[in-house]
Every structure is written in structure tokens, then in C-alpha cells.
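Colleague: I'm new to this one, and I'd like a close look at a single part of it, namely the sheet and what packs around it. Could you walk me through it slowly?

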Amino acid sequence: MSPRKMKPKNKVKRVNIADDERDITTSNESIEEHDDGIYVVRKISGSTSNKPYRCPGCDQIIPMATPHTVAWLEHDQSGRRHWHNICWSKRNLRKPKVERTRNAPRY
Ligand SMILES: [Zn+2]
């Protein structure tokens with residue numbers, strides 16, 4: 001307990017970055033057009049994900065340090081969601097494009 005070893009630390013500059021904002025700095029962004037709007041899609045490499053997220057595609061947890069996809073509607077960044085890469089690509093395939101049976105003649 002010697003007081004002479006205590007140095008004033010108020011000179012240290014601290015950059016305040018919230019954990020969740022850190023992955024914003026990695027710029028792997030792309031724009032995807034979906035039926036319900038324009039999405040900004042960002043591929044997250046595992047090293048930048050530092051907490052588990054729940055994937056809305058399969059309702060499973062994406063473990064920490066797992067590469068995954070973050071996507072949100074262009075105008076609504078606060079609504080961004082974290083997806084497994086595979087679930088996000090499945091989502092694109094799920095588009096209901098088949099409408100041809102509705103007016104098809106019956107035989
Ligand atoms: Zn998933």
C-alpha cells in the first residue's frame with residue numbers, strides 16, 4: 001500500500017465503442033432486394049462476433065465467434081437481425097413465386 005506508486009490515469013484517452021457496434025466497422029456490406037424491401041446484408045467473420053445471437057430463421061442460437069450474416073431493412077438499422085449464413089440464404093429461396101396453379105385450367 002505505498003501511495004507513491006499510484007500514477008494519475010486521467011490522461012488515458014478512451015474510445016467508447018459499445019461491443020455491439022464493433023462489428024459495424026467491418027465493411028462487408030451488400031444490398032439485397034427482397035420481396036419485403038431492400039436489405040443491407042453484412043457478413044460477419046467469426047472473430048468479430050462476441051456474443052451469442054438468436055437466428056430468426058431457425059430459432060437457434062448462433063454461438064460466439066461463429067461467422068454469420070447480419071441483415072436489416074435499409075431504413076431500419078435498429079431492427080437488424082443476426083442469421084446463420086445458411087438460414088439467410090434459405091430465406092431467399094423461400095420466396096413464394098409459384099402462382100401459376102391458381103388460374104390454371106383443370107383437366
Ligand atoms: Zn439459423
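Colleague: To get me started, what percentage of the residues of the chain count as buried?

Modeller: Happy to. Keep in mind that this is a predicted model. The chain has 107 residues, and 11% of them count as buried. As for its make-up, there are 6 strands and 1 helix, and reading from the N terminus the order is β-β-β-β-β-β-α. Among the contacts with a separation of 6 or more, 42% are between residues 24 or more positions apart.

Now to the sheet. It is an open one built from 4 strands, in the order 1-2-5-6, with antiparallel pairing. Strand 1 and strand 6 (81–83) are at the edges, and each has a single partner strand, so one side of each has no neighbour in the sheet. On average, neighbouring strands here are turned by 30° against each other, ignoring direction.

Let's go across it strand by strand, beginning at one edge. Strand 1 covers residues 29–34 and pairs with strand 2 in the antiparallel sense, over 6 bridges. Between the two sits a hairpin connection of 2 residues. If you want to find the pairing on screen, look for E33, whose bridge partner in strand 2 is I38, and then for E32, which stands opposite Y39. How buried is strand 1? The number of buried residues among its 6 is 0, so this strand lies largely in the open.

H34 is a good example to click on in strand 1. It has 13 other C-beta atoms within 10 Å, so it counts as partly exposed; a residue needs 20 or more to be called buried. There is also a long step in sequence to see here: H34 and L73 are 39 residues apart along the chain, while their C-alpha atoms are separated by 9.6 Å.

Next comes strand 2 (37–44). Besides pairing with strand 1, strand 2 is joined to strand 5 by 6 bridges, and those two run antiparallel. One pair to look for is V40 with its bridge partner W72 in strand 5.

From strand 5 (68–73) we move on to the other edge. Strand 5 and strand 6 run antiparallel and are joined by 3 bridges, with A71 having R81 as its bridge partner. Helix 1, residues 85–93, packs on the sheet and touches strand 5 and strand 6. The direction of helix 1 makes about 45° with that of strand 5.

That leaves the nonpolar core. In soluble globular proteins, nonpolar side chains tend to be buried together. Here the largest such core has 6 residues, namely Y39, I44, V70, A71, W83 and W88. Strand 2 and strand 5 are the elements that give two or more residues to this core. You have already met two of its members, Y39 opposite E32 and A71 paired with R81.

W88 is a nice place to finish. Leaving aside neighbours within four places in sequence, W88 is in contact with G57, T69, A71 and W83. Of these, A71 and W83 are also listed in the core. Put W88 in the middle of your view, show those contacts, and you can trace your way back to the sheet from there.

Conventions
Residues are numbered from 1 along each chain as its sequence is written. This is a predicted model: local features need pLDDT of at least 70, side-chain atom pairs count only at pLDDT 80 or more; totals for chains, interfaces and linings use all residues. A nonpolar core is a set of buried Ala, Val, Leu, Ile, Met, Phe, Trp, Tyr and Cys residues joined through C-beta atoms within 7 Å. A residue is buried if 20 or more other C-beta atoms lie within 10 Å of its own, exposed if 12 or fewer, and partly exposed in between; C-beta atoms are placed from the backbone. Two residues are in contact if their C-beta atoms, placed from the backbone, lie within 7 Å. Two strands pair if DSSP finds at least two bridges between them. Axes are lines fitted to C-alpha atoms, for helices over the stretch in contact, and angles run from 0 to 180 degrees between N-to-C directions.
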